[in-house]
Amino acid sequence: MVNKFSSLSLQGKSIGKLTFAGRNLVGANADVTVAMLNVNNTLNTENVTPQAGFDFSIAFGTPLKLIDAKITAGTARSNQRSGARVATKTGTLLPMSDAKTDSLPEEEYDAVFVSGKDKTPHGRVRSPDAFDSHDLVLFRVTPNYKTDNRGEVARDDYDEPIISNYQFNFIQQSKSGDVGNDDNIVRILVDPAESERLQAGLKPGDKLVPQGLKFAFAGNDATDWTVYADTLVALDEKATEKPASNQNKATTNQADKAKG
């Protein structure tokens, strides 16, 4: 399976303002107790599996903060037969007055967690939990084609297939000796125009560093995560400080939209 990452650290405060909405039961057997949280004073909710001993009797609307959170693959009652998985959030829920903060420094949350289709930002995550961005060796690039409502390849006015994006497939160099394990494959999607610009001089074995990483949870038979990047930079070029700074700013701005 490609992009099989066990979990990603999630920065709770980047999700937005969280208030307690109630208690819910989830999981394949409805035996996992989670806290339902309203986000940014809207009707949007997040389910979080809290720490042991969390007080579910607190009043509706109580402001809470989420620290040391993670996103993992979980199973829901509706999808257990098909084998599909859902994104599950765990962490420590505390009163806003509590002085505790995330164990990880803020700058380590260097990527964005997004919804699948429209890539709406839902918080910041830590990309090294998935892979080392300086450890990727390219071996294949292939297009993904847009499909219509019948599942057939969509075509433009010239009857050419419409490309949604390109998938850049990498081997993690530090794990390349583990030949029997395809879980070491990392697949990163890049928009068509940027992909076509990048591909001009690429060859197998090139070492590329993704910039502007975004993660969406897929949870199907092929992959648990979809990974997007704004662009890819050759490792030996070592992106200058200015582009890196601009990229971090762009990533921050995307995640800040989740706060409302």
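# Pairings, contacts and cores in a predicted model

Colleague: Which residue in β6 stands opposite Thr49?

Modeller: The model under discussion is a predicted one. Strands β4 and β6 pair in the parallel sense, over two bridges. In β6, the residue that stands opposite Thr49 is Thr90.

Colleague: How many bridges join strand β5 to β6?

Modeller: Strand β5 spans residues 63-74 and runs antiparallel to β6. Within this pairing, Ala73 has Ala87 in β6 as its bridge partner. The number of bridges that join β5 to β6 is nine.

Colleague: How many residues apart in sequence are the parts that Lys89 and Glu46 tie together?

Modeller: Both Lys89 and Glu46 are buried. Their closest N and O atoms are 3.1 Å apart and form a salt bridge, the cut-off being 4 Å. Lys89 lies in strand β6 (residues 86-95) and Glu46 in strand β4 (residues 45-49), so the salt bridge ties together parts whose separation in sequence is 43 residues.

Colleague: How far apart in sequence are Arg126 and Glu108?

Modeller: The side chains of Arg126 and Glu108 meet in a salt bridge, with an N to O distance of 2.7 Å. Arg126 is in the loop between β8 (121-125) and β9 (136-145), while Glu108 is in the loop between β6 and β7. The pair thus links distant parts of the chain, with a separation of 18 residues.

Colleague: Which residue is linked with Glu108 and Arg126 in a network of salt bridges?

Modeller: Arg126 has a relative accessible area of 18% and is therefore buried, the limit being 20%. Glu108, with a relative accessible area of 27%, is partly exposed. Linked with these two in a network of salt bridges is Asp129.

Colleague: Is Arg150 buried or exposed?

Modeller: Arg150 forms a salt bridge with Glu152, the closest N and O atoms being 3.7 Å apart. Glu152 counts as partly exposed at 43% relative accessibility. The relative accessible area of Arg150 is 63%, and a residue over 50% is classed as exposed, so Arg150 is exposed.

Colleague: What kind of aromatic pair do the rings of Phe54 and Phe56 form?

Modeller: A pair of aromatic rings is described by the distance of the centres and the angle of the planes. The count of aromatic pairs in this model comes to eight. For Phe54 and Phe56 the centres are 5.0 Å apart and the planes stand at 85 degrees, so the pair is edge-to-face.

Colleague: What is the relative accessible area of Phe54?

Modeller: Phe56 is partly exposed, with a relative accessible area of 25%. Phe54, by contrast, is buried. The relative accessible area of Phe54 is 12%.

Colleague: How many residues apart are Phe113 and Trp225?

Modeller: The rings of Phe113 and Trp225 have centres 6.1 Å apart and planes at 70 degrees, so this pair is edge-to-face. Phe113 lies in strand β7 (residues 111-114) and Trp225 in strand β14 (residues 225-228). Both Phe113 and Trp225 are buried. The pair links distant parts of the chain, the separation being 112 residues.

Colleague: Which residues form one aromatic cluster with Phe113 and Trp225?

Modeller: Phe113 and Trp225 belong to one aromatic cluster. The remaining members of this cluster are Phe5, Phe131, Phe215 and Phe217.

Colleague: How far apart in space are Leu8 and Ala69, C-alpha to C-alpha?

Modeller: Leu8 lies in strand β1 (residues 7-11) and is buried, with a relative accessible area of 0%. Residues up to four places away in sequence aside, Leu8 touches residues including Ala69, Val125, Arg126, Asp129, Phe215 and Trp225. Leu8 and Ala69 are 61 residues apart in sequence, and their C-alpha to C-alpha distance is 8.6 Å.

Colleague: Which element contributes the largest share of the largest nonpolar core?

Modeller: The largest nonpolar core has 39 residues, of which Phe131, Phe170, Ile188 and Phe215 touch the most other members. The largest share of this core is four residues, and these come from β5.

Colleague: How many residues make up the second, separate core?

Modeller: In the largest core, Phe170 is among the residues that touch the most other members. Apart from neighbours within four places in sequence, Phe170 is in contact with residues including Leu136, Leu138, Phe139, Ile188, Leu208 and Leu232. The second core is separate and includes Val112, Val114, Ala216 and Tyr228; its number of residues is five.

Terms used
Residues numbered from 1 in each chain as written. Predicted model: local features only at pLDDT ≥ 70, side-chain atom pairs only at ≥ 80, totals over all residues. Heavy atoms only, no water. Phe/Tyr/Trp six-rings, centres within 6.5 Å; stacked < 30°, edge-to-face > 60°. Buried < 20%, exposed > 50% of the residue type's maximum accessible area, 1.4 Å probe, protein only. Pairing = 2+ DSSP bridges. Contact = heavy atoms within 4.5 Å. Core = buried A, V, L, I, M, F, W, Y, C linked by side-chain atoms within 4.5 Å.
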